[in-house]
Amino acid sequence: MRSRYTAHESDLSEHQELVSSLWADHLDGMTAPAARTKLRHAYLANPAGPGSCLLLHDEASHRSVGVQCLHARTFWHGTAAHRAAALADYVVVPAHRSLGPALTLMRAGLTAAWQGLDFVYGFPNRQSEAVCVRAGMRRIGGTTRYGKLLRARFLLRAHPQRRWLAPLARPLDALLHLIDAARALRHARGLRWSDATADDPRIEAVWQQRDPGLLLSERSARVLAWRYAPEGFPGWRVSVAEDAQGRPLGYVAWACRDDVVLVSDFFCSRPAQDTCRLLSGFVRHVCRQPASAVSLEFHGSPEIASQLRRAGFLARPGVAPLYLAGAQASVDASAWYVTGFDRDGD
């Protein structure tokens, strides 16, 4: 039986109103102004390219009832550049949410991607994983969420006996402060922190000196200036760490969200050696913020995961699955460097 649904690649710039209205109506927390800003900045102004979209068409009603976007990225492995795209901003109107339309949209997206892209990746939710598998994508792992406690109230606020345990908060905070200070003294002595400016040469220096064994999306100064620009992603800061000689060690992109310092990206030229130093220093840098915890996500080398643990970050239960289609699916998992930076939004 012939499907009533078809999906076709479309030019985002020509369908801005349709796509932004689908986002605003069906993506959680999205408003019409935010949808228009996201399309304009995150897609059309993307230095890796404007991306594209697949529109799902219902032949019975002659209406577009879904959209799947391809968010362009440039990945590097050594000196080799790879054109890639993240599957992002997926929407199907509720009345049409079933396996058939979803699979039609996903397969069309992958077919379009092979016309000039080296690979496609995505972070599907539990309901969408089966669609990814049926469409031909492969799970290569997933990002783990790591947390670092700054203040005891983060633990006490959910405890059923929090009223009686409240007097313990102050001495626990003092203990946490001493532990973090000792860790910074041991691993991050001499680091100086300051916020980056647009196209900051220190960011470019860190990027140009990156470990050639890593497979990661581009983090040049130009790309970071776009990724965390206030007009597209308000509230984000990029803080750079320099050593005692003024040489940039790395950076952390972060924002305060609901009593948590949320880290979107962290990077240094030698992450397998210097991540502990970078993040131990960062914890001290943000300890005066009105937040009780630091949170980040990572997928990649076990050596870097070990560096996170040395910096006091503990893995939380659960992993956000990472799916891939393309030649890079065969690359050793330890070569990948994936953080929140690689998602389509903030």
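## Two helix pairs, side by side

In this model, helix H1 crosses helix H2 with a right-handed sense. The coordinates are predicted, so keep that in mind as you read. Packed helix pairs are described by the angle between their axes and the distance between those axes, and the points below follow that scheme for H1 with H2 and then for H10 with H11.

**H1 with H2**

- H1 covers residues 16-26 and H2 covers residues 32-44; their axes lie 8 Å apart and make an angle of about 125°.
- That angle makes the two helices oblique to each other, because it falls outside the 65 to 115 range for roughly perpendicular and is not over 145, where roughly antiparallel begins.
- On the H1 side, the contact is made by Gln16, Glu17, Val19, Ser20, Trp23 and Ala24.
- H2 contributes Ala32, Ala35, Arg36, Lys38, Leu39, Tyr43 and Leu44.
- Sorted by class, this contact has eight nonpolar, two polar and three charged residues.

**H10 with H11**

- The axes of H10 (residues 271-285) and H11 (residues 302-310) come within 8 Å and cross at roughly 20°.
- With angles under 35 degrees counted as roughly parallel, H10 and H11 are therefore roughly parallel to each other.
- The crossing of this pair is right-handed.
- From H10, the contact draws on Pro271, Ala272, Gln273, Asp274, Thr275, Cys276 and Leu279.
- Facing them from H11 are Glu303, Ile304, Gln307, Leu308 and Arg310.
- The class breakdown for this contact is six nonpolar, three polar and three charged residues.

How values were computed:
Residues are numbered from 1 along each chain as its sequence is written. This is a predicted model: local features need pLDDT of at least 70, side-chain atom pairs count only at pLDDT 80 or more; totals for chains, interfaces and linings use all residues. Side-chain values use heavy atoms; hydrogens and water are left out. Axes are lines fitted to C-alpha atoms, for helices over the stretch in contact, and angles run from 0 to 180 degrees between N-to-C directions. Helices (H or I, at least four residues) and strands (E, at least two) are DSSP runs, numbered from the N terminus. A crossing is left-handed if the near helix is turned anticlockwise from the far one by less than a right angle, and right-handed if clockwise. Contact means heavy atoms within 4.5 Å. Ala, Val, Leu, Ile, Met, Phe, Trp, Tyr, Cys and Pro count as nonpolar, Asp, Glu, Lys and Arg as charged, and the others, Gly among them, as polar.
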